[in-house]
Number of protein chains: 2
Amino acid sequence: MDPMSSDEPSQPSPNPIPAAAVARLSLYLRELRRLQGAGIEGVSSSQLGGRLGVSSAVVRRDLATLGQLGRRGVGYEIAGLSNRIRAALGADQVWNVALIGTGSLGTALLRYRGFSEQGFRLKAAFDIRPDRIGQSVGGVPVLPLSELEREIKNREITLTILAVPAEAAQETAERLANAGVTGVLNFAPVTLNLRGETCVANVDLASELQQLSFAVVRGLAGS
Amino acid sequence: MDPMSSDEPSQPSPNPIPAAAVARLSLYLRELRRLQGAGIEGVSSSQLGGRLGVSSAVVRRDLATLGQLGRRGVGYEIAGLSNRIRAALGADQVWNVALIGTGSLGTALLRYRGFSEQGFRLKAAFDIRPDRIGQSVGGVPVLPLSELEREIKNREITLTILAVPAEAAQETAERLANAGVTGVLNFAPVTLNLRGETCVANVDLASELQQLSFAVVRGLAGS
DNA sequence: TAGATTGTTAATCGATTAACAATC
DNA sequence: TAGATTGTTAATCGATTAACAATC
C-alpha cells in the first residue's frame with residue numbers, strides 16, 4: 001500500500017537527483033521507448049540529446065547520477081538504461097491512481113492512454129453528480145465522493161488526479177491527504193495548502209498558454 | 001495579425017525577465033485575481049508569496065524586473081500590478097487560438113473555461129474525422145484539417161493547441177509553422193522539431209504524473 | 001516620528017557548459 | 001592501434017537567499 005515499504009533493503013542513501021534532471025529523465029525515457037520501438041538497441045548521449053534539444057553533456061551528467069550506465073567509446077544500451085531510469089523515477093512499481101471530478105477535463109484524463117502506458121493504473125473515479133455515479137468512463141468506475149476515504153483504502157490508492165472545480169479543490173485535497181494519499185496531481189488553478197507528507201504537483205493549463213504567449217512576444221523561438 | 005506589431009513605440013529594450021520568473025508571474029496574476037475578487041486592493045510581497053509558497057524576496061525581485069511597482073512601507077496596489085504583469089506576459093492583448101485534434105483531450109480543452117478567462121479566444125478547431133467536422137464543441141466550430149492553412153490566415157490565428165495523436169504531431173506542427181502560427185502548445189508526447197521562429201511549449205501529462213511519483217518516492221513533500 | 005515594506009546589493013547555492021583523461 | 005564516447009573535473013552562468021538602506 002505504501003510504495004516506500006518494500007522487502008528489499010532500503011537503498012542506503014539514494015544518490016540525490018537534481019530537481020532539474022527529473023523532468024529530463026522522464027523525457028529520456030519517452031525517447032528511449034520510441035527508439036526501442038524502432039528496434040534500436042544502443043544510443044549515444046549526443047543522439048539522445050539531439051532529438052530532445054538537450055546537450056550531450058547534460059545527458060551524460062543526468063545519466064551519470066544514476067550510476068555508470070554507459071560504455072565508453074560505445075554509448076548506452078537502451079534496455080538497461082530504460083530500466084534504470086524507470087527505477088529511479090519510481091516507474092518500475094505499480095501505482096494505483098484515482099481521479100476526482102469527472103467533468104470534461106476529468107473525463108478526458110480517464111480516457112487518456114498515456115498514463116497506463118507508463119504503468120499507472122487508474123482504479124477509480126469520484127464525483128458528486130448522481131448522474132455520473134455508477135457509470136464507467138474509459139473502463140474506470142465512477143464512485144460517489146462520499147465513499148472517497150473508504151474506497152481509497154480499499155483500493156490501495158496512492159496517487160490522485162484532482163480535476164474538480166477550483167472552488168472545491170482545497171477541501172477535496174485535504175480529504176485526500178487525510179485519507180493517506182501520498183501524491184496529488186492538481187489541475188485546478190488554485191494553490192493547494194497541505195500539511196504533512198502529501199506531495200503536490202500542479203498543471204495549470206491556462207498558465208502554460210500564457211507562458212507560451214510570453215515566449216512568442218519575447219521572440220524566444222524553440223523554448 | 002502579428003502580435004508584435006503595434007502602433008505604440010516599440011519598447012526600447014524590454015528588460016529581460018528571467019525564465020524562472022515567468023511561470024511565477026503567471027501564478028502571481030492568478031492569485032491577484034483571486035484577491036481582487038475578494039475586494040482586496042493592496043498586497044505585500046510576503047502576503048502574496050505566502051499564499052503561493054514563494055519567499056517574499058523572490059516576489060520582490062520578480063516584480064522589480066517589471067519596474068518600480070510597489071510603495072515602500074505600503075506594498076503593491078493590486079489593480080496596477082495586475083495590469084503590469086499582464087502587459088509583461090503579453091496577456092493584455094488578444095490572442096486568437098486554434099485547437100487541432102478533437103479527441104477526448106481536445107474536446108476537454110475546447111470546453112475549458114480557463115483559457116478565455118485569461119483573454120485567449122478559441123476561434124476554431126480542426127479535425128480529419130468527417131463526423132466531427134461541422135459540429136461545434138464548447139461554442140467553437142470544428143473545421144476540416146484540409147482547410148487548416150486557409151482558415152489560420154482568415155481567422156488571424158497566432159497560437160495553436162496541438163492535441164492530435166502522437167503519430168500525427170510532427171507533421172501537423174510543420175503545417176502550423178508553415179501557416180505562420182507563432183506558438184504551439186503541444187500535448188502530444190513527442191518532441192517537435194520546428195525550424196524558424198515558431199515557439200513550442202510542451203505539456204506531457206504522463207510525465208507530470210511520473211514526476212509526482214518521483215517526488216513521492218523521494219519523500220519530497222510540498223514539491 | 002516609528003513601524004513597515006520595498007528595491008537592491010552581496011553572498012550563496014545550484015545548474016550548465018567546456019574540456020579532457022579514461023577506456024571501450 | 002585508432003576512433004569514439006563516456007564519466008568527471010573546473011569554469012561559467014544563472015537563480016536564490018539574506019540583509020539592509022531607502023522611503024512610504
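Okay, one bit of vocabulary before we start: when I say nonpolar I mean Ala, Val, Leu, Ile, Met, Phe, Trp, Tyr, Cys and Pro, charged means Asp, Glu, Lys and Arg, and polar covers the others, with Gly among them. Also, please keep in mind that what we're looking at is a predicted model.

Let's put those words to use on DNA strand D. How many residues surround DNA strand D? There are 24 of them, and the closest are A:Ser45, A:Arg61, A:Tyr76, B:Arg24 and B:Arg71. Sort the surface near strand D by class and you get 7 nonpolar, 8 polar and 9 charged residues. And if you take the atoms of strand D within 4 Å of the protein, 57% belong to sugar or phosphate, with the rest in bases.

Now some individual contacts on that strand. A:Arg60 has a polar side-chain atom 3.1 Å from a base nitrogen of DNA strand D. For A:Arg61, an N or O atom in the side chain sits 3.0 Å from a base oxygen of strand D. Over on the other chain, B:Arg60 puts a polar side-chain atom 3.4 Å from a base nitrogen of strand D. So which elements give two or more residues to the surface near strand D? From chain A it's α3, β2 (70-71) and β3 (75-77), and from chain B it's α1 and α3.

On to DNA strand C. Here, 24 residues surround the strand, and the closest are A:Arg71, B:Ser45, B:Arg61, B:Gly70 and B:Tyr76. By class, the surface near strand C has 7 nonpolar, 8 polar and 9 charged residues. Of the strand C atoms within 4 Å of the protein, 58% are in sugar or phosphate, and the rest are in bases.

Again, a few contacts to click on. A polar side-chain atom of A:Arg61 is 3.4 Å from a base oxygen of strand C. A:Arg72 has a polar side-chain atom 3.0 Å from a base nitrogen of strand C. With B:Gly70 we're looking at the backbone: one of its polar backbone atoms is 2.8 Å from a phosphate oxygen of strand C. The elements giving two or more residues to this surface are α1 and α3 (56-64) of chain A, plus α3 (56-64), β2 (70-71) and β3 (75-77) of chain B.

Okay, let's leave the DNA and look at how the helices pack. Two packed helices are described by the angle between their axes and the distance between the axes. In chain A, the axes of α1 (residues 19-37) and α2 (residues 45-52) come within 10 Å and cross at roughly 105°. That crossing makes α1(A) and α2(A) roughly perpendicular to each other. Who makes the contact? On the α1(A) side we have A:Leu27, A:Tyr28, A:Glu31, A:Leu32 and A:Leu35, and on the α2(A) side A:Leu48, A:Arg51 and A:Leu52. Those residues split into 6 nonpolar, no polar and 2 charged.

Helix α1(A) also meets α3(A): their axes come within 10 Å and cross at roughly 100°. So α1(A) is roughly perpendicular to α3(A) as well. Here A:Ala21, A:Arg24, A:Leu25 and A:Tyr28 of α1(A) touch A:Val58, A:Val59, A:Asp62 and A:Leu63 of α3(A). By class, that contact has 6 nonpolar, no polar and 2 charged residues.

What about chain B? The axes of α1(B), residues 19-37, and α3(B) come within 10 Å and cross at roughly 100°. That means α1(B) is roughly perpendicular to α3(B). B:Ala21, B:Arg24, B:Leu25 and B:Tyr28 from α1(B) are in contact with B:Val58, B:Val59, B:Asp62 and B:Leu63 from α3(B). The class count for this contact is 6 nonpolar, no polar and 2 charged.

Last stop: the rest of chain A. The chain is divided into domain 1 (19-89) and domain 2 (95-207). How many Å separate the centres of domain 1 and domain 2 of chain A? It's 31 Å, taken over C-alpha atoms.

If you want one residue to look at in domain 2, try A:Leu122, which is in strand β5 (residues 120-127). Setting aside neighbours within four places in sequence, A:Leu122 is in contact with A:Val97, A:Ala98, A:Leu99, A:Leu109, A:Leu110, A:Phe115 and A:Val140. And A:Gly139 is 17 residues from A:Leu122 along the chain, with 9.0 Å between their C-alpha atoms.

Terms used:
Residues numbered from 1 in each chain as written. Chains lettered and ligands numbered in written order. Predicted model: local features only at pLDDT ≥ 70, side-chain atom pairs only at ≥ 80, totals over all residues. Heavy atoms only, no water. Axes fitted to C-alpha atoms, helices over the stretch in contact; angles between N-to-C directions. Helix = DSSP H or I, 4+ residues; strand = E, 2+ residues; numbered from the N terminus. Parallel < 35°, antiparallel > 145°, perpendicular 65-115°, else oblique. Contact = heavy atoms within 4.5 Å. Near = heavy atom within 4 Å. Polar contact = N/O pair within 3.5 Å; in protein donor to acceptor, adjacent residues only side chain to side chain. Domains from an automatic or database assignment.
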